[in-house]
Amino acid sequence: PQMPYLSLKGVACHIGSQILEMDAFAQMLEGLKYVIRSLKTQNIELSHIDVGGGLGVDLADPASPHIEPYVKLIVQS
């Protein structure tokens with residue numbers, strides 16, 4: 001339905017703040033890209049994309065996970 005007083009400007013996805021595995025983020029990004037492509041086919045151009053809260057922190061090993069693979073995954077998407 002048409003909503004003349006609503007203007008979609010962005011999408012956001014938050015899968016959890018304690019996730020440490022890159023595979024979970026890769027799956028989330030694939031889903032988010034699907035939504036963005038679907039919106040684009042309806043002539044909806046987004047100005048904001050929020051991919052969530054970022055990596056969790058393993059309190060038993062605070063040096064893990066490393067941020068570089070996470071950033072690379074986001075940039076490549």
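**A helical salt bridge and the overall form of the chain**

K33 and E30 stand 3 residues apart in helix α1 (residues 22-41), so that about one helical turn separates the two. In this predicted model, the side chains of K33 and E30 are joined in a salt bridge, with a distance of 2.9 Å from N to O. Side chains of opposite charge can pair when their charged atoms come close. Neither partner falls in the buried class: K33 has a relative accessibility of 24% and therefore counts as partly exposed, and E30, with a relative accessible area of 44%, is likewise partly exposed. Under the criterion applied, a nitrogen of Lys or Arg within 4 Å of a carboxyl oxygen of Asp or Glu, the count for the protein comes to 1 salt bridge. The protein carries 5 positive and 8 negative side chains, and a distance of 16 Å lies between the centres of these two sets.

Helix α1 also contains L39, a residue whose relative accessible area of 14% places it in the buried class, since buried here means under 20%. When neighbours within four places in sequence are left aside, the residues in contact with L39 are L8, V11, I44 and L46. Of these contacts, the one with L8 links positions that are 31 residues apart in sequence, the C-alpha atoms of L39 and L8 being 9.6 Å apart in space.

With regard to the fold as a whole, the protein comprises 2 helices and 2 strands, which follow one another along the sequence in the pattern β-α-β-α. The radius of gyration of the protein is 15 Å, well over the 11 Å that the globule rule gives for 77 residues, and the protein is therefore more spread out than a compact globule. Taken along the principal axes, the box filled by the C-alpha atoms has dimensions of roughly 50 × 20 × 15 Å.

Burial and surface composition were computed for the protein as well. Of its 77 residues, 17% count as buried, L39 being one of the residues in this class. The accessible surface comes to about 5,900 Å², and carbon and sulfur atoms account for 58% of this area. Among contacts between residues at least 6 apart in sequence, 66% join residues that are at least 24 apart; the contact of L39 with L8, across a sequence separation of 31 residues, is one such case.

How values were computed
Residues are numbered from 1 along each chain as its sequence is written. This is a predicted model: local features need pLDDT of at least 70, side-chain atom pairs count only at pLDDT 80 or more; totals for chains, interfaces and linings use all residues. Side-chain values use heavy atoms; hydrogens and water are left out. Helices (H or I, at least four residues) and strands (E, at least two) are DSSP runs, numbered from the N terminus. The radius of gyration is taken over C-alpha atoms; the globule rule is 2.2 Å times the number of residues to the power 0.38. Buried means under 20% relative accessible area, exposed over 50%, partly exposed in between (1.4 Å probe, protein chains only). Contact means heavy atoms within 4.5 Å. Accessible areas come from the Shrake-Rupley method with a 1.4 Å probe; for residues, only the protein chains shown count as cover. Lys and Arg count as positive and Asp and Glu as negative; His and the chain ends are not counted. The place of a charge is taken as NZ of Lys, CZ of Arg, CG of Asp or CD of Glu.
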